[in-house]
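I opened a notebook page for this chain and kept the entries in the order I made them. Each one records what I looked up and what came back.

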Amino acid sequence: LSGARLVPFSRRFRHVARIGKGAQGVVYLCHDRRAPGRRVVVKIARSDAEARELIQRETSVLRALRGSFAVPELRALLYHRGHLSGFVTRYMAGET
């Protein structure tokens, strides 16, 4: 996975603010408690199969575009009950 780690849902990420909500799920700005001062984006998919498939596609795109100038670095994949349910990226300030 080249840099991204597989991690379970945990208390690792401290919620700062909800920064978005869409068809796939909810996006949060968080602090990574393992790296003080590091802000990350945590995207959590809805619990249905369609949303999980979309999250899988999005993580594939993030991996394929790794190293591109304006693409956030994939830091971790989040699993719940054996299904990919979200991911963590580096926070990049600005408009999307």
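Before the first entry I wrote down one term: a polar contact is a pair of N or O atoms within 3.5 Å, where within protein one atom must be able to donate a hydrogen and the other to accept it. I also noted that this is a predicted model.

**Entry 1: lysine 43**

With that term in hand, I looked up the side chain of lysine 43 and found a polar contact with the side chain of glutamine 24, at 3.1 Å. I placed lysine 43 in strand 4, which covers residues 39-45. Is lysine 43 buried or exposed? I read a relative accessible area of 15% for lysine 43. Buried means under 20%, so lysine 43 counts as buried. I then listed its contacts, leaving aside neighbours within four places in sequence; among them are Gln24, Val26, Ile55, Glu58 and Phe87.

**Entry 2: the chain as a whole**

I stepped back to the secondary structure and counted one helix and six strands in the protein chain. Along the sequence I wrote the pattern as β-β-β-β-α-β-β. The protein chain has 96 residues, and buried residues make up 34% of them. I also looked up the contacts with a separation of 6 or more: residues 24 or more positions apart account for 40% of these.

**Entry 3: strands 2 and 3**

I went to strand 2 (residues 13-21) and strand 3 (residues 25-32), which pair in the antiparallel sense over seven bridges. The two are joined by a hairpin, and I noted three residues for the connection. Which residue in strand 3 stands opposite arginine 14? I found histidine 31 there.

Next I checked histidine 15, which lies in strand 2. I noted a relative accessibility of 46% for histidine 15, so I entered this residue as partly exposed. The C-alpha atoms of histidine 15 and histidine 31 are 6.7 Å apart, although 16 residues separate the two along the chain. Beyond its neighbours within four places in sequence, histidine 15 is in contact with Tyr28, Leu29 and Cys30.

**Entry 4: strand 4 and its partners**

How many of the residues in strand 4 are buried? I found five of its seven, and I entered strand 4 as mostly covered. I then looked for its partners. Strand 3 pairs with strand 4 in the antiparallel sense over seven bridges, and I found leucine 29 bridged to valine 41 in strand 4. These two strands form a hairpin with six residues between them. In that turn I noted glycine 37, with a positive phi of about 90°.

Strand 6 also pairs with strand 4 in the antiparallel sense, over five bridges. Here I found valine 42 bridged to valine 88 in strand 6.

**Entry 5: helix 1**

I measured nothing by hand here; I took the computed span of helix 1 from first C-alpha to last, which is 23 Å for 16 residues. That is close to the 22 Å expected at 1.5 Å a residue. Which residues of helix 1 are buried? I listed Ala51, Ile55, Thr59 and Leu62. Seen down the axis, the buried residues of helix 1 fall within an arc of 80°, so they line one face of the helix. I added a textbook note: an α-helix has 3.6 residues a turn, so residues three or four places apart point the same way.

The buried residues of helix 1 pack against strand 4, strand 5 and strand 6. On the other side I found Ala49, Glu50, Arg57 and Ala64 exposed. At the N-terminal end, aspartate 48 caps helix 1, with a side-chain oxygen 3.2 Å from the backbone nitrogen of glutamate 50.

**Entry 6: the nonpolar cores**

Last, I looked up the largest nonpolar core and found nine residues, including Ala45, Ile55, Leu62, Leu74 and Phe87. Helix 1, strand 5 (74-80) and strand 6 (83-90) each supply at least two residues of this core. Helix 1 gives the most, with three residues. Apart from this core I noted another, of seven residues, among them Phe13, Val40, Val42 and Val88.

I returned to alanine 45, and outside its neighbours within four places in sequence I listed contacts with Gln24, Gly25, Ala51, Ile55, Ser85 and Gly86.

Note on methods
Residues numbered from 1 in each chain as written. Predicted model: local features only at pLDDT ≥ 70, side-chain atom pairs only at ≥ 80, totals over all residues. Heavy atoms only, no water. Pairing = 2+ DSSP bridges. Helix = DSSP H or I, 4+ residues; strand = E, 2+ residues; numbered from the N terminus. Buried < 20%, exposed > 50% of the residue type's maximum accessible area, 1.4 Å probe, protein only. Contact = heavy atoms within 4.5 Å. Core = buried A, V, L, I, M, F, W, Y, C linked by side-chain atoms within 4.5 Å. Expected span 1.5 Å × (residues − 1). Arc of directions from axis to C-beta.
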